[in-house]
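Thanks for coming, everyone. I'll take you through one structure today. Please have a look at it before I start.

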Amino acid sequence: MTIQSVNPRTGEKFGTLIPETTPAELEAKIALSLESFQTWSTLPPALRAKSLHAIAEKLQANSTELADIADLETNLGKVRLIGEVSRTSFQLHQFAYALESGDFISPVIDSAVDAPLPQGHPELIRTQTPIGVVAVFGASNFPFAFSVLGGDTASALAAGCTVIVKSHPAHPQTSVRTYKLATEALLEVGAPMGTLGLINGVESGRMLLEDGRISAGAFTGSRQGGRALFDISNKRATPIPFYGELGSVNPVVVLASALDDPKGFVAGYLDSLLLGNGQFCTNPSLLFVPVDLSLENEIESQLADRVPSTFLSEATKMLHDKNREALRALITPKILAGQKIGEVGFYSSPTVFLSRISDLQGKESALSIECFGPTGLVLTYKTVFEVTDLISRMEGALVASVFGKVDDTQAPIVVRTLAKKVGRVAWNAWPTGVAVATGQQHGGPYPASTSPLHTSVGTWAITRFLRPITFQSLPSALFNLVATNIEKS
Ligand code: NAP
């Protein structure tokens with residue numbers, strides 16, 4: 001079996017045939033990764049940082065070539081893709097800086113207490129150790145930032161884990177080229193051969209996760225796929241942590257105090273909704289608007305000028321169209337539409353569904369229908385309690401936004417309600433755009449994430465791949481040989 005790139009503009013296949021990984025090749029890759037883990041995991045953090053800087057620089061130096069390849073496969077546009085390479089490179093540097101400054105290792109040294117129990121105890125040093133070989137499933141919608149060298153890979157490598165990436169079939173050539181550049185960079189700085197591995201094909205991805213030598217999994221994608229892989233991770237003889245980021249139904253609440261500039265607001269809404277053809281996990285898919293603000297005409301006239309863009313793959317388009325139809329049939333909304341689609345390629349017209357919250361009575365399951373693409377749902381409300389009541393019955397989400405004035409007495413009620421449901425609440429800002437920073441939380445209650453205690457973006461992502469361990473009364477000579485991240489005098 002082989003994988004081939006598909007041009008989303010035309011639906012035509014192109015480029016070299018990339019063979020799916022065979023079971024024998026997979027076996028060799030896992031064995032090499034495990035062997036490399038013995039070295040990579042015990043390197044001083046500064047040396048791992050040097051490797052991450054080297055990969056970041058290699059990526060950046062080849063950003064134009066990478067963006068050209070990815071643009072043919074995704075049609076995300078060269079400007080966006082060059083920006084995404086820079087973000088990916090920045091992300092790798094950020095993890096390297098965190099290693100250099102000793103962040104996220106933070107050993108707790110609890111000196112011996114010579115006293116009767118329960119106060120008395122031996123010397124305890126609580127620190128972290130890399131969890132092992134990590135399986136990463138690249139996402140379709142970020143061919144760089146959530147793919148071969150994306151945040152999952154960068155954070156796992158920084159933690160001292162080796163990584164095997166299952167490439168996404170929507171950008172196979174981009175994945176292979178990125179992997180080759182990363183391997184070159186790693187070898188140039190003397191990192192072990194199997195620090196990073198790449199496999200292709202859905203079956204090899206499943207076999208990878210089932211293998212007893214894999215210690216954790218990371219994923220961004222569909223709820224169905226993520227859940228299937230999460231279940232594999234849990235059903236293994238030795239269950240492992242699986243960090244899946246699955247959902248993209250994110251609520252945005254507009255308070256009556258917000259709208260000084262309805263035209264500008266609607267332009268911002270449509271820009272965010274249609275960014276990357278709506279294929280963002282932070283998409284503002286659900287907009288709550290006070291009924292008397294009547295944004296309907298403004299949305300209708302601005303949407304009419306918006307042109308369709310392509311989906312990443314035929315499968316993504318088919319799923320979007322199917323879910324959009326299911327949502328339409330369930331809630332029978334008023335339909336506002338953008339410009340019509342062409343004859344070829346993976347397109348769908350930008351669409352906004354409009355309904356009243358009160359009309360959703362008994363149809364709340366509509367809020368779990370993910371239309372991953374250029375589709376938004378606008379729900380009008382009479383009182384803010386209608387909104388908070390509905391949100392408190394919604395599933396978890398990655399992010400929410402609130403638009404209003406700081407002295408609006410309804411603001412704290414809405415923010416508090418949202419904070420119980422999501423991983424990030426943005427104030428007067430659209431949810432798209434996730435900064436790679438230490439303060440970031442990208443992950444929320446299920447289905448936003450299979451592990452709401454963790455983030456997949458920002459430097460805290462490293463903690464997903466560090467297992468806590470306590471060394472009790474270990475003599476200094478021995479301790480300094482086994483713990484590479486701290487010295488005991
Ligand atoms: P996906 O279908 O979940 O696939 C993601 C990765 O997981 C792919 O490498 C896929 O392999 C693998 N995979 C999925 N199900 C699997 C299974 N049962 N066993 C083994 N491997 C499996 O996601 P996608 O292709 O990126 O996009 C499809 C849909 O996911 C979108 O339409 C959208 O609804 C959602 N999505 C969500 C986000 C988000 O951030 N929340 C991001 C992207 C996509 P193969 O492709 O080789 O089968």
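**Around the ligand**

Let's begin with the ligand. It is surrounded by 23 residues. The closest are Ser140, Lys166, His168, Ser222 and Cys281. Keep in mind that this is a predicted model.

What kinds of residues make up the shell around the ligand, by class? Nine are nonpolar, ten are polar and four are charged.

Now the polar contacts. Take Ser222: a polar atom of its side chain sits 2.5 Å from a ligand oxygen. Next, His168. Here an N or O atom of the side chain is 2.7 Å from an oxygen atom of the ligand. Then Glu245. A polar atom in the side chain of Glu245 is 3.2 Å from an oxygen of the ligand.

How much of the ligand does the protein bury? On its own, the ligand exposes 850 Å². The protein buries 85% of that.

And the site itself? The ligand takes up the space of the largest pocket.

Which elements give two or more residues to the shell around the ligand? There are three helices and one strand to find: helix H7, at 202-210; strand E8, at 214-220; helix H8, at 223-235; and helix H11, at 314-331. H8 gives the most, with three residues.

**Thr450**

Next stop, Thr450. Look for it in a loop. That loop runs between strand E16, residues 422-427, and strand E17, residues 466-472.

Is Thr450 buried or exposed? Its relative accessibility is 15%, and buried means under 20%, so Thr450 counts as buried.

The side chain of Thr450 has two backbone partners to point out. One is Phe242: its backbone oxygen lies 2.7 Å from a polar atom of the Thr450 side chain. The other is Gly244, whose backbone nitrogen is reached by the side chain of Thr450 at 2.8 Å.

**Ala31**

Last one: Ala31. Where is it? Ala31 belongs to helix H1, which covers residues 23-40.

Why does Ala31 count as partly exposed? Its relative accessibility is 32%. Partly exposed is the range between under 20% and over 50%, so Ala31 falls in that class.

One distance to go with that. Ala31 and Asn323 are 292 residues apart along the chain. Their C-alpha atoms are separated by 41 Å.

**To recap**

The ligand occupies the largest pocket, and the protein buries 85% of its 850 Å². Thr450 is buried, while Ala31 is partly exposed. That's it from me.

Conventions
Residues are numbered from 1 along each chain as its sequence is written. This is a predicted model: local features need pLDDT of at least 70, side-chain atom pairs count only at pLDDT 80 or more; totals for chains, interfaces and linings use all residues. Side-chain values use heavy atoms; hydrogens and water are left out. A residue is near a molecule or strand if one of its heavy atoms lies within 4 Å of it. A polar contact is a pair of N or O atoms within 3.5 Å; within protein, one must be able to donate a hydrogen and the other to accept it, and residues adjacent in sequence count only if both atoms are side-chain atoms. Accessible areas come from the Shrake-Rupley method with a 1.4 Å probe; for residues, only the protein chains shown count as cover. On a 1 Å grid over the protein atoms alone, a cavity is a set of points where a 1.4 Å probe fits but cannot get out, and a pocket is an open set with protein on both sides within 12 Å along at least five of seven lines; lining residues have an atom within 4 Å of a point. A molecule sits in a cavity or pocket if more than half of its atoms lie within 2 Å of its grid points. Helices (H or I, at least four residues) and strands (E, at least two) are DSSP runs, numbered from the N terminus. Ala, Val, Leu, Ile, Met, Phe, Trp, Tyr, Cys and Pro count as nonpolar, Asp, Glu, Lys and Arg as charged, and the others, Gly among them, as polar. Buried means under 20% relative accessible area, exposed over 50%, partly exposed in between (1.4 Å probe, protein chains only).
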